[in-house]
Amino acid sequence: METYDPAAHYDRVTEAWGLLLGEELHYGLFTTGEEPLARATAALTEAMIDAARLGPGLSVLDVGCGSGAPACRLAQEHGVEVLGITTSAVGVGAATERARGLGLEGARFEQRDGTANELPDASFDRVWVMESSHLMPDREALVAECARVLRPGGRMVLCDLVRRREIPFLELRSRRREFAVLRAAFGAARMDPLSSYASLASAHGLQVDLERDITTETRPTFDRWLANAEAHRAEVTGILGEQSVAEFEESCRILEAFWDDGTLGYGILAAGKPA
Ligand SMILES: C[S@@+](CC[C@H](N)C(=O)[O-])C[C@H]1O[C@@H](n2cnc3c(N)ncnc32)[C@H](O)[C@@H]1O
């Protein structure tokens, strides 16, 4: 049987994702629904920055850093020292290149697993988990690692796709083709309720002070991704192949339907470690 390697998935898609999703590899937080994708993805990062209560000189661990755009922004605009980690070697290379191009010394990138990061206890003021947790099967290990590396008085912020209702087994079975298409396009993922992240955070000694559902505000993202697929069709087909581009486009429509029928959505959570 073919084994699934999440790092290999991201190694394969990182370049194309830049064209389809934009510089920041995550959903947009839309206010009017009319704004460009880049402004909406920046707005989601802004919402995480507010939740993180960033300040100059703080040290930040970015778990699942993609190609480094959010981490570079944090270092550049907020004067924090960021270590971005990802399992993807291509992601580390792209992020390191980005930081070098910007002349940034405050953003470094390493290949590490967020569920076993091997970093010292109590070594960061903030832990930032932006749209990467759904790709980590061992969610408990992720949150345990985040809590472990935080200093007392530190904060963890997380945003991601979430599951908003139970999906009965029979429905899972009847929709298995849709899930297979999502997996082909976005990698093996599991969406959990936002409340389950809150429970894990509490179980690991963190105090949750923000749980926000932003399903409605993220909904216009799919239209923008589809428009990018149309605009960059030749280039992304050259990178990913025709079938993968078709799976990406179908995935956008599947996700949109899941957003609309209340199955999936998006949430932000923040929690502090007692001083
Ligand atoms: C959707 S991208 C988000 C990237 C970035 N946070 C952003 O918002 O631009 C998901 C990221 O999670 C990373 N990832 C997946 N599994 C991981 C793991 N176990 N440990 C660390 N990073 C992981 C992927 O390589 C990718 O960089």
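Trainee: Why does the sulfur of Cys 146 form no bond with the closest cysteine sulfur?

Mentor: A disulfide is a pair of cysteine sulfur atoms within 2.5 Å. Here the closest cysteine sulfur to that of Cys 146 belongs to Cys 159 and lies 13 Å away, which is too far for a bond. Please note that this is a predicted model, in which local features need pLDDT of at least 70 and side-chain atom pairs count only at pLDDT 80 or more, while totals for chains, interfaces and linings use all residues. Residues are numbered from 1 along each chain as its sequence is written, and side-chain values use heavy atoms, leaving out hydrogens and water.

Trainee: How far is the sulfur of Cys 252 from the closest cysteine sulfur, and how many disulfides does the structure hold?

Mentor: For Cys 252 the closest cysteine sulfur is again in Cys 159, at 18 Å, so the two are too far apart for a bond. The structure holds zero disulfides.

Trainee: Is Cys 146 buried or exposed?

Mentor: Buried means under 20% relative accessible area, exposed over 50%, and partly exposed in between (1.4 Å probe, protein chains only). Cys 146 has 3% and is therefore buried; Cys 252, at 0%, is buried as well.

Trainee: Where does Ala 231 lie?

Mentor: Helices (H or I, at least four residues) and strands (E, at least two) are DSSP runs, numbered from the N terminus. Ala 231 belongs to helix 10, residues 221-231. Its relative accessibility is 60%, so Ala 231 counts as exposed. Although 211 residues separate Ala 231 from Leu 20 in sequence, their C-alpha atoms are 9.0 Å apart in space.
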